[in-house]
Amino acid sequence: MCLSVASRQRLLTLLGCWLITEPTGGCARPEGLLFPAMEPPMVWPPSPNRPRIRYVGTLSDSGDLKAAQSGLEVTKAVFRGPRPPIRFAGPLAVAVHPRGVLAVADGAAAAVHLIDLEARTHRRVNGWDDQRFVVPLGVAWAGDRLFVSDAQRHEVIELDMQGRYLRRFGAEVLSRPVGIAYLPDRDRLYVVDGASHRLAVFDLTGALVETIGQRGAGPGEFNFPTHICYADGRLLVADSGNFRVQLLDPDGRCLRTIGQEGDGAGDFAMPKGVAFDSDGHVYVGDTRFENIQVFDVDGRLLMAWGEEGGDVGEFSLPAGLAIDERDRIWVADAGNRRIQVFAYMGDAQ
């Protein structure tokens, strides 16, 4: 094969970069800033109101992690072309490990994504052995163990932090497992069984301990519930078919209901993702209103942000929510195939 003078010169330059400067990192690409600050910052509510929520950034694929590359990796990429990024197809739920590892249930991709924000790595887990995820809808960390609810498999699958399979359970008792939450003070997993209109409570060996609720519209009853979260002794369940969310104690007693069907402020059309911030505020994502509403502990609406669209702060079928220890709000923006990240700025300034 004959190379042109320009091609030979390019090849010699690249080889020289690899062989001569690799020990000093001369051709390496340093790690990029994960979420560069916007100037001016995008906040909600807008001025002149006191801002409560700030936009942080977006993750759409593994390239958004801006991982460092060695000189050898850069050189290989020139010859073979860049590796295709790992992308989201339809993220539906997200859970954040205290060590900065995101677990994302991607129902459209029939996969679970494990994203290490410190190491800047992105791994997609499609299954184990000869088994595959079908419709993973919920994720929850219990220490270093990840539990994934798969609606089509009718079971919960347990993985380690590297995505290796450990066990599965629940197929005998679950109809359509959706959201899932871990209660560390009880060492229990609460699984939303949407088709059975109840919560199924398991210990960490996979044994069913009890079930909570039944179909209905009364306190502690459900109609096609979806998502769930837990903090400070309170469960928050998206009672989607009843157009409300319910605050429960761990025994299933209803402490409060929030919302009703309607198109006004504080109403819901299809509540899905739920979360608590560090001040105990209640966050609810609505897949039909394409927004997130925030309520105080007494159920009073405080604010809302978002509308239909694909720009920053806009949503398309927002699903699961998670708020981490730094009050960063991770939103599974399913229709836009991305995770949007915001930050709760606190009540005091």
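Two strands pair if DSSP finds at least two bridges between them; helices (H or I, at least four residues) and strands (E, at least two) are themselves DSSP runs, numbered from the N terminus. With that settled, strand 5 (residues 111–116) and strand 6 pair in the antiparallel sense over five bridges. This is a predicted model, so local features need pLDDT of at least 70 and side-chain atom pairs count only at pLDDT 80 or more, while totals for chains, interfaces and linings use all residues. Residues are numbered from 1 along each chain as its sequence is written, and side-chain values use heavy atoms, with hydrogens and water left out.

**Sheet 3-4-5-6**

- Strands 3, 4, 5 and 6 make up an open sheet in the order 3-4-5-6, with antiparallel pairing.
- Strand 3 and strand 6 (121–125) sit at the edges with a single partner strand each, so one side of each has no neighbour in the sheet.
- Neighbouring strands here are turned by 20 degrees against each other on average, direction ignored; the axes behind such angles are lines fitted to C-alpha atoms (for helices over the stretch in contact), and angles run from 0 to 180 degrees between N-to-C directions.
- Zooming in on the pairing with strand 6, Ile115 stands opposite His122.

**Sheet 21-22-23-24**

- Another open sheet of four strands follows the order 21-22-23-24, and its pairing is antiparallel too.
- Its edge strands are strand 21 (271–276) and strand 24 (301–305), each of which pairs on one side only.
- From one strand to the next, the twist averages 20 degrees.
- Strand 23 (residues 291–295) is joined to strand 24 by four bridges, and the two run antiparallel.
- Val294 has Met303 in strand 24 as its bridge partner.

**Strand 26 and its two neighbours**

- How many residues of strand 26 (residues 328–333) are buried? Six of its six are, where buried means under 20% relative accessible area, exposed means over 50%, and partly exposed is in between (1.4 Å probe, protein chains only).
- Both faces are covered: Arg328, Trp330 and Ala332 are buried on one side, and Ile329, Val331 and Asp333 on the other.
- On the strand 25 side, four bridges hold an antiparallel pairing with strand 26, and Ala322 has Trp330 as its bridge partner.
- The hairpin of strand 25 and strand 26 has four residues between the strands, and Asp327 takes a positive phi near 65 degrees there.
- On the strand 27 side, six bridges join the antiparallel strands 26 and 27, and Ile329 has Phe342 as its bridge partner.
- The hairpin of strand 26 and strand 27 also has four residues between the strands, with Arg337 at a positive phi near 55 degrees.

**Aromatic pairs**

- The structure holds 12 aromatic pairs: rings of Phe, Tyr and Trp (its six-membered ring) pair if their centres lie within 6.5 Å, and planes under 30 degrees apart count as stacked, over 60 as edge-to-face and the rest as tilted.
- One of them is the edge-to-face pair of Trp44 and Phe342, at 5.6 Å centre to centre and 70 degrees between the planes.
- That pair links distant parts of the chain, with Trp44 in strand 1 and Phe342 in strand 27 (residues 338–344), 298 residues apart.
- Trp44 counts as buried because its relative accessibility is 14%, and Phe342 counts as buried at 0%.
- Ring pairs tie Trp44, Tyr55, Tyr283, Trp305, Phe315 and Phe342 into a cluster.

**Ala37 in its loop**

- Ala37 is in the loop between helix 1 (5–21) and strand 1 (43–44).
- Is Ala37 buried or exposed? Its relative accessibility is 64%, so Ala37 counts as exposed.
- Ala37 and Tyr55 are 18 residues apart in sequence and 8.9 Å apart in space, C-alpha to C-alpha.

**The largest pocket**

- On a 1 Å grid over the protein atoms alone, a cavity is a set of points where a 1.4 Å probe fits but cannot get out, and a pocket is an open set with protein on both sides within 12 Å along at least five of seven lines; lining residues have an atom within 4 Å of a point.
- The largest pocket has a volume of about 1,100 Å³, a volume being the space filled by probe spheres set on grid points, which are joined across faces, edges and corners.
- Its lining counts 42 residues, and Val96, Tyr230, Ala322, Ile323 and Asp324 lie nearest the centre.
- Strand 9 gives the largest share of the lining, five residues.
- The lining divides into 24 nonpolar, nine polar and nine charged residues, where Ala, Val, Leu, Ile, Met, Phe, Trp, Tyr, Cys and Pro count as nonpolar, Asp, Glu, Lys and Arg as charged, and the others, Gly among them, as polar.
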